[in-house]
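Here are some notes to go with the model, set down in the order I'd talk them through at the bench. Open the structure alongside and follow the numbered points.

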Amino acid sequence: MESLDERLDRIEREADSIPQLDKLSDQALRLLLSQHIMDLCSLESTLMSKSLVDIVQSVQSKYGILGMLLRECEIRIRSAG
């Protein structure tokens with residue numbers, strides 16, 4: 001598993017790798033969300049042949065980015081309501 005420092009480094013890299021979410025149109029946010037969901041789903045075919053350590057490493061960054069995208073969706077929902 002990741003140490004705290006490794007996790008913080010990964011989170012910072014994830015944040016740097018995606019555009020400023022509040023600047024995206026709803027359509028662009030949907031497209032980015034779709035792309036990351038497809039990336040996560042593409043791992044399914046290899047899960048049975050990977051060790052749990054490899055699975056965690058493969059999924060962690062995708063899961064983190066997906067979480068950020070979902071939080072942006074929640075913010076927009078609350079702002080619109």
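1. Let's begin with charge on the surface. Asp5, Glu6, Asp9, Glu12 and Asp16 make up a negative patch there. One of these residues, Asp5, belongs to helix H1. Asp5 counts as exposed because its relative accessibility is 57%, and the cut-off for that label is over 50%. Keep in mind throughout that you are looking at a predicted model.

2. There is a nonpolar patch to look at as well. Leu4, Leu8 and Ile11 form this one on the surface, and together they offer about 290 Å² of accessible area. Ile11 sits in helix H1, which covers residues 4–17. Is Ile11 buried, exposed or partly exposed? Its relative accessibility is 38%, so Ile11 goes down as partly exposed; the partly exposed class lies between the 20% and 50% limits.

3. Now the overall architecture. The protein chain has 3 helices and 0 strands, and reading from the N terminus the order is α-α-α. If you trace the C-alpha atoms, the chain spans about 45 × 30 × 20 Å along its principal axes.

4. How much of the chain is buried? Of its 81 residues, 23% fall into the buried class. The chain exposes about 6,200 Å², and 58% of that area comes from carbon and sulfur atoms.

5. A word on contacts. Take the contacts in the protein chain with a separation of 6 or more: residues 24 or more positions apart account for 71% of them.

6. On to the charge count. The chain carries 10 positive and 14 negative charges, and the mean positions of the two sets lie 5 Å apart. As a reminder, side chains of opposite charge can pair when their charged atoms come close. The structure holds 3 salt bridges, and the next points go through them.

7. Start with Asp22 and Lys23. These two form a salt bridge in which the closest N and O atoms are 4.0 Å apart. Lys23 is classed as exposed because its relative accessibility is 61%. Asp22 is exposed too, given its relative accessible area of 54%.

8. Next comes the pair I'd zoom in on. Arg76 makes a salt bridge to Asp26, with 2.6 Å between the closest N and O atoms. Which parts of the chain does this pair tie together? Asp26 is in helix H2 (residues 26–42) and Arg76 is in helix H3 (residues 52–80), so the bridge ties together parts 50 residues apart in sequence. Arg76 counts as buried because its relative accessibility is 18%, whereas Asp26, at 45%, is partly exposed.

9. Arg76 has another partner. Glu72 forms a salt bridge with Arg76, and here the closest N and O atoms are 2.9 Å apart. Both residues lie in helix H3 with their positions 4 residues apart, about one turn of the helix. Glu72 has a relative accessibility of 9%, so it is classed as buried. Put the pairs together and you get a network of salt bridges linking Asp26, Glu72 and Arg76.

10. Where does that leave Arg76 relative to the nonpolar patch in point 2? Ile11, one of the patch residues, is 65 residues from Arg76 along the chain, and their C-alpha atoms are separated by 22 Å.

11. Last, a look along helix H3, where Val53 is found. Val53 is exposed, because its relative accessible area is 53%. How far apart in space are Val53 and Leu69? Their C-alpha atoms are 25 Å apart, with the two positions 16 residues apart in sequence.

Note on methods:
Residues are numbered from 1 along each chain as its sequence is written. This is a predicted model: local features need pLDDT of at least 70, side-chain atom pairs count only at pLDDT 80 or more; totals for chains, interfaces and linings use all residues. Side-chain values use heavy atoms; hydrogens and water are left out. Patches are made of residues with over 30% relative accessible area and no salt bridge: like charges are joined within 9 Å, nonpolar side chains (Val, Leu, Ile, Met, Phe, Trp, Tyr) within 5 Å. Accessible areas come from the Shrake-Rupley method with a 1.4 Å probe; for residues, only the protein chains shown count as cover. A salt bridge is a side-chain nitrogen of Lys or Arg within 4 Å of a carboxyl oxygen of Asp or Glu. Helices (H or I, at least four residues) and strands (E, at least two) are DSSP runs, numbered from the N terminus. Buried means under 20% relative accessible area, exposed over 50%, partly exposed in between (1.4 Å probe, protein chains only). Contact means heavy atoms within 4.5 Å. Lys and Arg count as positive and Asp and Glu as negative; His and the chain ends are not counted. The place of a charge is taken as NZ of Lys, CZ of Arg, CG of Asp or CD of Glu.
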